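The following paragraphs walk through one chain, from overall confidence to individual side-chain pairs. Please keep the sequence and the coordinates at hand while reading.

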Amino acid sequence: MEKSYEVSYRIALSGEAHVIGELVIKPCVQDNVSSELGERYSKQFESVSLSNNTVKRHINNITDDIEIELFHGCRGVTLMYLLDESADVAGLAILLVFVRYGFNKQK
């Protein structure tokens with residue numbers, strides 16, 4: 001299952017449609033492994049699920065994990081604003097986080 005997450009992450013970074021995993025990436029890996037190492041090793045990749053739904057679910061899980069880590073790292077923050085779905089000049093998605101910390105007055 002770990003390999004499926006790794007490929008799903010790469011698909012997310014590429015911005016390509018999720019179906020590319022099952023339609024292009026998996027067959028290419030199997031062809032290359034088969035020609036270099038033999039059919040026996042290529043068969044091991046059959047169990048790696050790269051369907052559209054699986055890739056989407058893995059990308060959502062990765063996103064959820066990042067969000068949890070982000071919020072975990074921002075403990076003690078009074079206000080936090082997240083602006084997502086932004087893009088840089090190359091069209092790559094980026095996450096913008098603006099954080100305003102609250103300070104306790106101590107005497």
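The chain has an average pLDDT of 80, and 70% of its residues score at least 70; pLDDT is the predictor's confidence in each residue, from 0 to 100. This is a predicted model, in which local features need pLDDT of at least 70 and side-chain atom pairs count only at pLDDT 80 or more, while totals for chains, interfaces and linings use all residues. Residues are numbered from 1 along each chain as its sequence is written, and side-chain values use heavy atoms, with hydrogens and water left out. Confidence is lowest in strand β1 (residues 79-87), where the mean is 60, and highest in α2, where it is 93. Where pLDDT is low, the predicted coordinates should not be read in detail.

The chain contains four helices and two strands, taken from DSSP runs (helices: H or I, at least four residues; strands: E, at least two) and numbered from the N terminus. Their order from the N terminus is α-α-α-α-β-β. Of the 107 residues in the chain, 18% are buried; buried means under 20% relative accessible area, exposed over 50%, and partly exposed in between, with a 1.4 Å probe and protein chains only. A contact is defined by heavy atoms within 4.5 Å. Among contacts between residues at least 6 apart in sequence, 42% join residues at least 24 apart.

Helix α2 is a convenient place to begin. It covers residues 20-37, 18 residues in total, and spans 24 Å from its first C-alpha to its last, close to the expected 26 Å. That expectation is 1.5 Å times one less than the number of residues. The helix has a kink of about 25° at Lys26, shortly before the proline Pro27; the bend at a residue is the angle between axes fitted to the seven residues ending there and the seven starting there. Lys26 is also one of the buried residues of α2, together with Gly21, Gln30 and Val33. What do the buried residues of α2 pack against? Their partners are α1 (2-14) and α3 (39-42). Just after α2, Gly38 adopts a positive phi of about 110°.

Next come the charged pairs. Side chains of opposite charge can pair when their charged atoms come close. The structure has three salt bridges, each defined as a side-chain nitrogen of Lys or Arg within 4 Å of a carboxyl oxygen of Asp or Glu. In one of them, Lys3 pairs with Glu6, with the closest N and O atoms 3.6 Å apart. These two residues are separated by about one helical turn because they lie three residues apart in helix α1. An α-helix has 3.6 residues a turn, so residues three or four places apart point the same way. Lys3 is partly exposed at 47% relative accessible area, and Glu6 is partly exposed at 36%.

Which residues form a network of salt bridges? Glu39, Lys43 and Glu46 are linked in this way. The side chains of Glu39 and Lys43 meet at 4.0 Å, N to O, and Lys43 also pairs with Glu46, where the closest N and O atoms are 3.7 Å apart. Glu39 has a relative accessible area of 44% and is partly exposed; Lys43, at 45%, is partly exposed, and Glu46 is partly exposed at 47%. Lys43 sits in the loop between α3 and α4 (52-73). Its C-alpha lies 7.6 Å from that of Gln30, although the sequence places Lys43 and Gln30 13 residues apart. Gln30 belongs to the buried set of α2.

Helix α4 supplies two further residues to inspect. Is His58, in this helix, buried or exposed? With 3% relative accessibility, His58 counts as buried. Its side chain makes a polar contact with the side chain of Ser4 at 3.1 Å. A polar contact is a pair of N or O atoms within 3.5 Å; within protein, one must be able to donate a hydrogen and the other to accept it, and residues adjacent in sequence count only if both atoms are side-chain atoms. Ile62 is also placed in α4. Leaving aside residues up to four places away in sequence, Ile62 touches Tyr5 and Tyr9. Ile62 and Tyr9 are 53 residues apart in sequence, yet their C-alpha atoms are 7.8 Å apart.
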